[in-house]
Amino acid sequence: MTSVKQSSHFPIKWRLLDAAERVAALVWPRQLHSYTGYLLLVPALLLVFVLVIGLIYIGGYSLHELDLANYRLKESFSLTNYYTAVTSTTYRTVVLRSLYGSFLVTVITIFLAFPYAYLMVRAREAMTRKFLLISLFLPFFIGQIVRAYGWLIILGKEGLLNNIVTFFGFSPLELIYNYPAVILGLIQYMLPFAVLLLAPAITAINRDMELASESLGAHWIQTFIHIVLPMAKPGLIGSSVVVFTLTLTDFAMPEILGGGTTDFIANSIYDGFFQLSNSGLGAALSMILVTLGTAFVVVIFSIAGTGTLGFSRRSK
Amino acid sequence: MENSPPLVELIDVSKRFGRFIAVDNANFSLAKGSVLTILGPSGCGKTTLLRMIAGFESPTSGEIRINGEPVQAVPPYRRSIGMVFQNLALFPHMTAGENVTYPLKMRRFPPQDIPELVERYLGIVRLTGMKDRRIHELSGGQQQRVAIARALSFNPDLLLLDEPLSALDKKLREEMQLEFRRIQQKIGVTTINVTHDQREALVMSDEIIVMADGAIQQSADPVSLYRHPSNMFVASFIGLTSLVKGTVVQTEGTTVEFNVDSTILCGNAGSRFEVGQSVEGAIRAEQVRIHPEQTRPEEMDNVLEGVVSEQIFEGDRMVYQVQCPSLGSTPIFVFDHDPTHHVLHRKGDSVVLSWNVRDLLVYPCR
């Protein structure tokens with residue numbers, strides 16, 4: 001490059017920037033500039049690397065059986081922990097309960113989130129859109145555990161709802177420490193995630209598409225089924241994957257709203273490590289959870305594509 | 001034809017969005033089988049008018065009738081109207097054929113007739129064999145054709161075009177204008193076209209409505225609209241027109257003399273004027289003759305001396321912008337008529353301009 005003529009007339013800011021540029025050129029020469037983008041990947045790679053290391057360690061633990069004589073893991077390798085996890089009816093129930101729960105939560109959440117997202121995108125009044133967005137985000141700021149306790153206040157034995165029920169002379173209902181309570185808590189927790197992943201997909205559908213469909217003879221239900229749903233597919237995939245995997249790995253809701261009666265896999269892992277002091281079994285359960293989650297994501301992505309999570313370039 | 005009721009009729013139709021008046025008291029009727037173009041600049045209310053006819057918006061006041069029936073309570077999907085959108089709004093997750101099939105299925109055509117109708121309409125728009133193409137695999141012009149076929153396949157009473165050609169390049173746009181004309185004449189469907197392109201309006205329509213600021217300015221066939229614009233807006237919006245402002249000094253029949261800067265011009269008045277009234281004169285670029293300095297044009301009513309300030313070569317013609325000292329700073333635009341023996345007037349050349357009284361149209365100042 002031609003050398004820039006030095007001028008003391010330049011503002012001090014320019015000269016400082018020029019100096020900074022020269023220093024930067026020494027540290028990171030021009031020839032390396034085409035790799036600058038990759039440099040930005042380093043923090044993310046470090047983070048993933050730490051996770052992978054953790055996963056390898058957990059994988060290692062899972063292959064050692066607990067020695068009941070001294071409550072340490074044996075030196076020898078074995079698949080005993082996996083055998084225990086797979087054959088035990090308790091753990092099988094927990095895994096099936098988690099999968100079924102995740103499926104239920106995903107379906108109901110998407111069902112509730114879609115109209116919400118649609119309204120949030122399409123509402124004519126800016127006020128309506130803002131109201132919907134704020135009411136979506138408000139619970140988002142409150143931690144999951146606080147929200148779970150919020151449900152306890154509402155649904156508990158002496159809770160708001162039961163106060164009303166007993167006021168009218170009925171006996172109080174068992175509204176918490178059961179499966180429906182966990183599902184309810186999870187749905188409320190997942191709703192904002194689903195709406196936020198659906199909204200861009202619905203925004204991407206030009207309003208004229210729906211008007212065109214109407215002018216071609218379709219009423220709104222037909223338009224919804226034939227035009228809006230297929231065109232919102234990327235958002236549906238994205239939000240389903242996120243909601244399903246988050247629910248499958250959830251700990252707080254089953255713990256607090258289930259009260260130990262409806263453990264999900266994460267609760268069993270916790271128990272394995274800290275109640276039974278059997279880190280080998282806990283690790284094996286962790287590996288099973290990771291495998292299940294990954295398998296689900298891989299299957300969905302290979303069947304339906306990556307949706308809004310893939311940032312695919314060929315978008316119409 | 002004259003006796004049958006109009007297919008579309010608008011009676012005192014207005015549309016307000018809050019304080020903004022998008023359409024102001026529109027009245028017109030459209031006979032079956034004709035092509036109407038609503039022409040106007042962006043934001044003049046033409047698209048709102050079209051959307052009210054389609055049923056996407058409802059008028060704030062007034063009544064829209066289709067086939068003599070008021071349609072306020074009829075939802076879009078019950079109206080027999082095909083619409084081609086500005087962005088076409090083709091369904092990207094369907095093939096060309098499926099797009100054309102969609103209205104036939106939604107409108108419950110007998111399933112056994114559908115494949116034949118799809119073939120027929122794809123044939124009409126010359127897309128035979130393109131049935132299984134995805135929308136993104138088609139070119140811009142082909143997508144236009146699919147949109148037209150989709151809007152026509154269910155044999156609607158009325159076809160609405162919302163500037164579908166505006167996104168195309170000039171050559172393709174002009175090609176599609178003629179194509180539209182051909183298809184319209186073949187099928188005979190009543191059409192309302194909305195555009196800001198005056199050429200498109202002149203080429204495609206039996207009748208043109210010019211709109212500005214929500215109000216209809218003039219409604220006429222293309223030739224009378226061009227020859228006899230009813231007001232200043234229409235005169236200046238269509239064609240390349242030079243405008244001169246002045247004050248009336250004398251009127252005699254339809255001829256009006258008005259004072260502009262340091263000269264007096266003779267013009268053709270559409271309405272009565274008082275002496276002393278402020279007026280605007282409009283002269284089309286093709287009505288002005290341009291001559292070299294030394295010649296004196298004969299049998300011309302207005303003769304002015306001027307200097308060429310711009311010379312624009314447009315390929316098929318030369319456009320001059322001439323500054324006449326006697327008119328002040330207002331430039332006059334001239335199309336050169338003489339392609340056979342081009343007399344080139346260069347920038348800075350002194351020239352003589354002339355035109356006939358009947359071609360200088362005089363309107364009251366707005």
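**View 1. Chain B is built from 8 helices and 20 strands.** This is a predicted model, so take what follows as a look at computed coordinates. Measure the C-alpha trace along its principal axes and chain B spans about 75 × 45 × 40 Å.

**View 2. Inside and outside of chain B share the residues out.** Of the 366 residues in chain B, 51% are buried. Where contacts link residues at least 6 apart in sequence, 67% of them join residues at least 24 apart. On the outside, chain B has an accessible surface of about 17000 Å², and carbon and sulfur atoms account for 47% of that area.

**View 3. Chain B carries 37 positive and 44 negative side chains.** Take the centre of each set, and the two centres turn out to lie 9 Å apart.

**View 4. Here's the cavity.** Rolling a probe the size of a water molecule over the atoms shows where empty space is left. With a cut-off of 30 Å³ or more, the count is 1 cavity. The volume of the largest cavity comes to about 60 Å³.

**View 5. A closer look at the cavity wall.** Which residues line the largest cavity? They are Val35(B), Leu159(B), Leu161(B), Phe180(B), Arg181(B), Ile183(B), Gln184(B), Thr191(B) and Met204(B). Strand S7 (158–162) and helix H5 (170–187) of chain B each bring at least two residues to this lining. H5(B) gives the most, with 4 residues.

Key. Residues numbered from 1 in each chain as written. Chains lettered and ligands numbered in written order. Predicted model: local features only at pLDDT ≥ 70, side-chain atom pairs only at ≥ 80, totals over all residues. Heavy atoms only, no water. Buried < 20%, exposed > 50% of the residue type's maximum accessible area, 1.4 Å probe, protein only. Contact = heavy atoms within 4.5 Å. Areas by Shrake-Rupley, 256 points an atom, 1.4 Å probe, with all protein chains shown as cover. Lys, Arg positive; Asp, Glu negative; His and termini not counted. Charge placed at Lys NZ, Arg CZ, Asp CG, Glu CD. 1 Å grid on protein atoms, 1.4 Å probe; cavity = no way out; pocket = protein on both sides within 12 Å on 5 of 7 lines; lining within 4 Å. Points joined across faces, edges and corners; volume = space filled by probe spheres on them.
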